[in-house]
Each structure stands twice: as C-alpha cells, then as structure tokens.
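Open the model in your viewer and keep the sequence panel in sight. Each stop below says what to select and what is there.

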Amino acid sequence: MFCSVVILNWNGEAMLRRYLPSVVAFTPAAEAEIVVADNGSTDGSVALLRQEFPSVRVLTLDKNYGFAEGYNRALQQVESRYTVLLNSDVAVTEGWLTPLLTYMERHAEVAAVQPKILSDLQKDHFEHAGAAGGYLDMLGYPFCRGRIVGYAAKDEGQFDTEADVLWTSGACMCVRTNLYKEVGGLDGDFFAHMEEIDLCWRLCCRGYRLVCLPQSHVYHLGGGALHYESPRKTYLNFRNNLLMLYKNLPASRLWWVMVARWVLDYVAALQLLLTGKPKLAWAALQARRDYHRMKPSMRAKREENMRMATVPYPATICRRSVIWDYYIRQKRQ
C-alpha cells in the first residue's frame, strides 16, 4: 500500500460519525487505505465502524495507550510508504491528500508534511494545533504561522506559500513510515501533547526537512479529547514541554533555557491562580514536579538524540521570545 491514513480513536463515536465521512469521500482508494486504530474504547465506536464504514480497516488495541503509544502500536501494523496521522475531529477536503504525497515523492529529504489547518468552528481562521506550520521560540514555547499563544489569525492568504517548519501538526501529518519507526516514533512516555513536536525535532536534528503545504487544507475542531482549559491538558503541556527540551536541547543551551523556564513556569502558575484558575495553577506545579521525577528515565533518550544529531540546533527554532513579543510587545503576527 502506498499510503495509510491512520485515525486514532478513543470513545469518539460522535466524532467518527461527524468527521469520518469526509475522509472516506475524499480519500481515493487508489492513493490510500483508511485505518482507524481504536484505543480501547468502551462506547459504540467499533460497532459503528463495522456497520457503517465497511471500507475502513479497524485495528483494536486492548486499552487506552494515549495518543503517542497508541499511534506507535497502530503503526506496527502499517507497512505503507507513507502514513498520515489524522485526528478524529478533522474534516478533510476534496483533493487534500494528493499534494502531500506528490511533494513527498519529489523531495526525498523531506520527512513529513502537513496541510494548512483551519478551524472547523470558524472556517476562515487558523486552528490552534498546527495552523500553517509550527516552530519553537528560543525558550521552547511552540507557535505557528497563523497562531501565537492563544491568538489564531484570520486566513487571508498570508501564509499560502510552502515553508520549512520545525514541526508538523499531529492533527494532520504525513510522514515517511520508515523514518517514523527508525527514530522511535512518538514518545509513549508523553502520553499526549507535544509528542509530535518532539518527534519532528528529532527528525530535523537528523538532517531531514519538515514542510507545510498550503495547497492542501483541512478543518480541525480541536480540543476533541480534552478541553483547552482542562487541568489534565495543562499538566501534560507543561510537563511534556520540559521533557522535550531536556531530550533535545544541546548542552550549551539546556542550562540557561531551563533556568528561564523555572522562572516563567512559576510566573504562569501564579498568573493562573490570580485569574481564578487554581486547578490549572496546581496542574502547572505538578507538571514541574513530575518533570523532575521523570528526568532520570529520559537520560538515555537524550544521549541517543545528541549522538544521532547531525544538526545540533535547527534553524527553524526562533532566536527570540514569542512570550515577550506576545505579552509585552502585543504582537499577534
């Protein structure tokens, strides 16, 4: 098989019913198979798939392994040249897949690509998780063309050019299956959130390009599994961001970035507390505690990343602070 479009599902019967029809309608069988990997759902997801979507290949996992390890286990059963990691709350458009696969075929140095990702709730605006391609600032905070911190811009064609990025969104990422497996896939210890940035950073450091191709576009609901102000989401984002920095930053940058992040994380927790969000503040503090608990187990992964890196510090990491620009300079673009 040339390509497998793999959707990870956990108790997402309603999402599958709403979004899977577009994937089936606009993904030609000659280009790709559609695979739904079920992460131990207890709702009617599997029955729905077998009754209403007979053309879809169903993989059933024995429990919820999270986003990262769920995909790793699903891709153990995928042998296609390319794999698209596609969220269950993404509506694709006619012809969405062809530009992605065509570009990958023509550029052997590209490890992964993503389309332009727009909001399914506000279709003329970019969506938070990926927008028109992702980057990190100098302190490790993610941002995108079209989305900075909590601000998502209106799509006015300003990012309708292909661009090299640091990370392609896990909401819709087309990746070379062999490279995904070669670098170890998504880090299962992350469970969910930041895992695709960590994967892409590894790929960049090993000399591969990652690209956003706005010739293709999809619509993402976002927050399908966890609400944006969920304490669990806050915890995972804070913790996994620190783990990712520890795993991938060269030693010359690691110490001072972590000192800066120690200060900024406590400032963020205080700000959450003062704005009436004590559960989110506590989640941020728990994340720092658990980062330190998990850090020793990440040492071997860090050593491997440093050993395998041919590009110690990717050019697609911004040399300025997006937090300073957003909160102090009031920049939104």
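**Stop 1: a link across the chain**

Select D189: with a relative accessibility of 38%, D189 counts as partly exposed. Bear in mind throughout that this is a predicted model. Now add K301, which forms a salt bridge with D189; their closest N and O atoms are 2.7 Å apart. K301 is partly exposed, because its relative accessibility is 25% and the range for that label runs from 20% to 50%. Colour the two residues and trace the chain between them. D189 lies in the loop between α5 (177–182) and α6 (195–205), while K301 belongs to helix α10 (residues 299–308), so the pair links distant parts of the chain, 112 residues apart.

**Stop 2: other salt bridges**

How many salt bridges does a search of the whole structure find? It finds 23. Two further pairs are worth selecting.

- D120 and K123: their side chains meet in a salt bridge, at 2.9 Å from N to O. D120 is buried, at 11% relative accessibility, whereas K123 is partly exposed, at 45%.
- R320 and D325: the closest N and O atoms of this salt bridge are 2.7 Å apart. R320 is partly exposed, with a relative accessible area of 38%, and D325 is buried, with 8%.

Next, select D187, D189, D198, R202, K247 and K301 together. Salt bridges that share partners join these residues into one network.

**Stop 3: the largest nonpolar core**

Which residues touch the most other members of the largest nonpolar core? They are Y71, Y180 and W201, in a core of 78 residues. Helix α7 gives the most to this core, with eight residues. Centre the view on W201 and show what lies around it. Leaving out residues up to four places away in sequence, W201 touches L136, L166, M244, L245, N248, L249, P314 and I317. A second core, separate from this one, has 33 residues, among them V36, V110, V113 and I117.

**Stop 4: a strand residue**

Select L85, in strand β4 (residues 82–86). Is L85 buried or exposed? At 1% relative accessibility, L85 counts as buried. Apart from residues up to four places away in sequence, L85 touches V6, Y71, L75, G170, A171, C172, M173 and Y180. For a sense of scale, draw a line from the C-alpha of L85 to that of H128. The two residues are 43 apart in sequence, and the line spans 17 Å.

**Stop 5: helix α9 and its cover**

Select residues 278–294, helix α9. At 1.5 Å a residue, its 17 residues should span 24 Å, and the C-alpha atoms at its ends are 24 Å apart, so the two values agree. Now pick out the buried residues of α9: L280, A281, A283, A284, A287, R288, D290, Y291 and M294. What covers them includes α7 (231–248) and α8 (251–274).

**Stop 6: a buried aspartate**

Finish with D265, in helix α8. D265 counts as buried, at 3% relative accessibility. Show the residues in contact with D265, leaving aside neighbours within four places in sequence: they are Y141, F238, L242 and R288. R288 also appeared at the previous stop, among the buried residues of α9.

Conventions: Residues numbered from 1 in each chain as written. Predicted model: local features only at pLDDT ≥ 70, side-chain atom pairs only at ≥ 80, totals over all residues. Heavy atoms only, no water. Helix = DSSP H or I, 4+ residues; strand = E, 2+ residues; numbered from the N terminus. Expected span 1.5 Å × (residues − 1). Buried < 20%, exposed > 50% of the residue type's maximum accessible area, 1.4 Å probe, protein only. Contact = heavy atoms within 4.5 Å. Core = buried A, V, L, I, M, F, W, Y, C linked by side-chain atoms within 4.5 Å. Salt bridge = Lys/Arg side-chain N within 4 Å of Asp/Glu carboxyl O.
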